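Open the model in your viewer and follow the selections below in order. The tour starts with the whole chain and ends at a single sheet.

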Amino acid sequence: MNAPSVYAPPPFPAPISLDLSRNEGRPPRGMPEAWAIDACDLSRYPSGDELRAALAARHGVGVERVLVSNGGDDVLLRCCLWTLRGGGSALLPVPTFEMIERYVAIAGGVAVAVPWPEGPFPTDVALASAGPDLRVVFVVSPNNPTGASATAADLERLVRALPCVTIVLDAAYAEFADVDLTDFALRHEQIVVVRTLSKAWGLAGLRVGYALGDPRTIAALRAHGNPMPVADVAARLAVLRLRGGAADVADHVAAVRAERATLLTELPLHGARPSLPSEGNFVLVRGVDADFVVAAAAAAGVGLRCFPGRAGLADAVRIGLPGDPSGFARLRAALRAALAPAALLFDLDGVLVDVSSSYRHAIVATARAFGAAVTPADVAAAKARGNANDDWALTHRLITATGVRCALGEVVERFEACYRERRDGEQALAPAALLRAWGRRRPLAVVTGRPATDAAYVLERLGLADCFQAVVCREDAPLKPDPAPVRLALRRLGVDAAWMLGDTVDDVAAARSAGVVPIGVVAPGEDPARARATLVGAGAARVLSATTELGGMLR
């Protein structure tokens with residue numbers, strides 16, 4: 001057997017302040033801010049008896065039918081180690097919680113996949129796939145990542161047809177489902193129910209899960225794992241939560257269900273197809289550019305989950321639901337911006353106009369006029385560091401960094417003279433016909449640090465002026481990376497969701513701060529690999545080799 005790989009979800013391309021990628025529950029409300037711990041308790045091994053009793057009482061079963069575990073994952077691994085000892089096969093739906101297949105492999109078993117992309121549980125296919133060496137069937141309901149659910153009738157058919165096979169019902173998201181199958185499952189000795197306090201109960205950080213089942217099964221599972229799997233501190237906090245948190249959990253579940261219903265209505269309007277039915281604390285959407293949607297949401301600080309390399313999920317994104325009004329508002333805004341931009345914003349230099357021989361040349365030529373040795377590489381490095389959208393101030397900064405003293409006014413005067421000598425050589429990086437075609441579907445705007453006269457001149461000369469409904473220049477607002485000019489463009493266009501194309505880290509920073517999806521463009525004359533790495537590192541959702549490539553991303 002090949003050594004299993006280490007589980008590692010894909011990293012985010014930008015800092016995340018609202019992480020909805022892991023299906024965690026809302027932080028508990030009403031929990032004590034401080035909890036006194038007796039030092040003697042820390043020096044003793046935990047028993048877990050109090051937590052086991054609380055869980056048994058909650059489900060109306062005897063304590064001998066409860067196994068407390070280190071998260072629901074611990075139970076799933078124990079199930080595999082118990083049922084697959086000495087070999088055998090396991091039936092599991094795909095796609096599903098990816099750790100199950102890993103645990104089957106660790107236990108030395110063979111995973112037999114039963115396709116369940118959405119809709120009803122594929123009971124007929126599962127039964128047809130059952131071979132003579134079948135030892136265990138996993139039913140994940142609601143299923144992660146699709147949100148689909150099985151029914152009591154599905155479980156009944158499996159039990160009747162496979163009387164000697166263990167059925168594992170992974171009900172981690174049962175609180176969010178229309179029907180909780182736990183009580184039905186516990187009527188059957190061969191069904192093990194896996195539950196957790198990580199989701200609806202909001203205790204993912206404590207890693208408290210549990211199994212419910214026949215006493216003989218629970219005893220076997222206890223023997224196939226480490227003793228005392230839950231720390232005493234975690235167990236005591238879990239008991240407090242179970243005793244006093246039911247109303248808070250009910251409120252959270254209601255909020256998640258309402259958010260889920262809203263997204264199931266809105267997402268098709270944005271061109272995304274939700275997987276149905278959807279009964280978890282998340283919604284899976286298909287038919288999208290998954291990498292871009294995740295990166296675009298990350299640019300707004302919202303973490304979603306895509307599944308690179310997972311079969312059947314290349315076009316899918318799992319959208320967690322926060323169960324919180326402010327978080328849900330942020331999520332909806334991020335999804336609108338990612339999936340349905342109401343406008344397109346463009347930086348001017350390096351995006352719409354090739355300035356490699358004009359503005360960039362003017363910086364170097366101006367420095368030379370003052371006796372300062374400034375190279376194109378120096379300019380590129382300064383732009384990559386950020387806070388360099390004002391070419392006048394940047395030129396003055398580069399000159400003085402060499403030890404040459406000069407006044408900013410003198411630099412501006414010389415810079416403009418150098419630029420005007422070259423400006424008529426500037427060429428458009430996107431043809432007017434293409435921009436007009438984009439503009440017929442959504443309004444376009446320019447957000448530039450150029451003076452209004454320079455911007456107007458080049459747009460008129462290149463025949464691009466009538467392509468844009470708004471042009472924001474240096475006189476209108478603070479310069480990028482301040483988000484003010486981007487927000488002003490949104491207000492002038494009357495929209496709240498947009499993409500912005502830029503070639504510098506300042507463009508990316510301004511877009512992100514304004515809640516706009518930043519798309520990087522490699523400007524002419526830049527080293528493509530270096531520019532791409534710089535823009536991705538700044539948080540660009542995607543980097544284009546040319547502005548014209550944008551057309552392939554638009555719906």
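Show the surface of the protein chain: about 22,600 Å² is exposed, and carbon and sulfur atoms supply 55% of that area. Keep in mind that this is a predicted model.

Next, colour the chain by burial. Of its 555 residues, 54% are buried. Then select the charged side chains. There are 58 positive and 59 negative charges, and their mean positions lie 1 Å apart.

Switch to a C-alpha trace and align the view to the principal axes. The trace of the protein chain spans about 90 × 55 × 45 Å along them. In cartoon mode, the secondary structure comes to 21 helices and 21 strands. If you list contacts with a separation of 6 or more, residues 24 or more positions apart account for 73% of them.

Now go to one sheet. Strands of a sheet pair through backbone hydrogen bonds, either parallel or antiparallel. In which order do the strands of the open four-stranded sheet run? The order is 9-10-13-12, and the pairing is antiparallel. Select 273–274 and 305–306 for its edges: strand 9 and strand 12 each pair on one side only.

Select residues 282–286 and 317–320 together. These are strand 10 and strand 13, joined in the antiparallel sense over four bridges. Label Val285, whose bridge partner in strand 13 is Val317.

Finally, add residues 246–266. This is helix 10, which lies across strand 9, strand 10 and strand 13. Helix 10 runs at about 15 degrees to strand 10.

Key:
Residues are numbered from 1 along each chain as its sequence is written. This is a predicted model: local features need pLDDT of at least 70, side-chain atom pairs count only at pLDDT 80 or more; totals for chains, interfaces and linings use all residues. Side-chain values use heavy atoms; hydrogens and water are left out. Helices (H or I, at least four residues) and strands (E, at least two) are DSSP runs, numbered from the N terminus. Buried means under 20% relative accessible area, exposed over 50%, partly exposed in between (1.4 Å probe, protein chains only). Contact means heavy atoms within 4.5 Å. Accessible areas come from the Shrake-Rupley method with a 1.4 Å probe; for residues, only the protein chains shown count as cover. Lys and Arg count as positive and Asp and Glu as negative; His and the chain ends are not counted. The place of a charge is taken as NZ of Lys, CZ of Arg, CG of Asp or CD of Glu. Two strands pair if DSSP finds at least two bridges between them. Axes are lines fitted to C-alpha atoms, for helices over the stretch in contact, and angles run from 0 to 180 degrees between N-to-C directions.
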